[in-house]
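Visitor: I am new to this structure. Please take one part and look at it closely with me.

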Amino acid sequence: MSLFAKFVEKMRATPDGDGTLLDHSILLYGCGMGDGDHHPPFDLPTAIVGGGGGTLEGNRHLKYPLHTPFMNLGLSLLEKVGVQVDRIA
């Protein structure tokens, strides 16, 4: 996590157009398991960092109902960068 934090800080310190590299990026950081002992695909720790060029609202903590497909997040992020996909097989 500390390496990720350093990476994010470098992006925040890098000017890019009318903001920073972090302002114009979307970073997804997380784990594919909610519990390392049982490997369930629920309660996945995930952080989304960056401004996405103004497409992301920050300073929020979101918790979705159990069994919400994780790829809903993937589809939402694709939409943020202008990629329209109905589903991922």
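Guide: Start at L27. Leaving aside residues up to four places away in sequence, L27 touches F4, F7, V8, M11, L22, A47, I48 and V49. Keep in mind that this is a predicted model.

Several of those names come back at once. The largest nonpolar core has 5 residues: F4, V8, M11, L22 and L27. Helix α1, residues 2-12, gives the largest share of this core, 3 residues. There is a general pattern behind such groups. In soluble globular proteins, nonpolar side chains tend to be buried together.

Now take F4, one of the residues that L27 touches. F4 counts as buried because its relative accessibility is 13%, and the cut-off for buried is under 20%. F4 also has a ring partner. The structure holds 1 aromatic pair. Its members are F4 and Y29, with ring centres 4.2 Å apart. Their planes lie at 15°, so the pair is stacked. The pair links distant parts of the chain. F4 sits in helix α1, while Y29 sits in strand β3, residues 27-30. The two are 25 residues apart. Is Y29 buried or exposed? Neither word fits: Y29 counts as partly exposed, at 32% relative accessibility.

Go back to L27 and follow another contact, I48. I48 belongs to strand β4, which covers residues 46-49. I48 is partly exposed, because its relative accessible area is 38%, between the 20% and 50% limits. I48 also takes part in a nonpolar patch on the surface. Its companions there are L28, F70, M71 and I88. Together the five have about 440 Å² of accessible area. So I48 touches L27 of the core and also belongs to the surface patch.

Move on past strand β4. A loop lies between β4 and α2, and N59 is in this loop. H67 is found in the loop between β4 and α2 too. What marks these residues is the backbone. Phi of N59 is near 55°, a positive value in a residue other than glycine. Phi of H67 is near 75°, again positive and again not in a glycine. Most residues other than glycine have a negative phi. How exposed is N59? Its relative accessible area is 86%, so N59 is exposed. H67 counts as exposed as well, at 56% relative accessibility.

Note on methods. Residues are numbered from 1 along each chain as its sequence is written. This is a predicted model: local features need pLDDT of at least 70, side-chain atom pairs count only at pLDDT 80 or more; totals for chains, interfaces and linings use all residues. Side-chain values use heavy atoms; hydrogens and water are left out. A nonpolar core is a set of buried Ala, Val, Leu, Ile, Met, Phe, Trp, Tyr and Cys residues joined through side-chain atoms within 4.5 Å. Buried means under 20% relative accessible area, exposed over 50%, partly exposed in between (1.4 Å probe, protein chains only). Helices (H or I, at least four residues) and strands (E, at least two) are DSSP runs, numbered from the N terminus. Contact means heavy atoms within 4.5 Å. Patches are made of residues with over 30% relative accessible area and no salt bridge: like charges are joined within 9 Å, nonpolar side chains (Val, Leu, Ile, Met, Phe, Trp, Tyr) within 5 Å. Accessible areas come from the Shrake-Rupley method with a 1.4 Å probe; for residues, only the protein chains shown count as cover. A salt bridge is a side-chain nitrogen of Lys or Arg within 4 Å of a carboxyl oxygen of Asp or Glu. Rings of Phe, Tyr and Trp (its six-membered ring) pair if their centres lie within 6.5 Å; planes under 30 degrees apart count as stacked, over 60 as edge-to-face and the rest as tilted.
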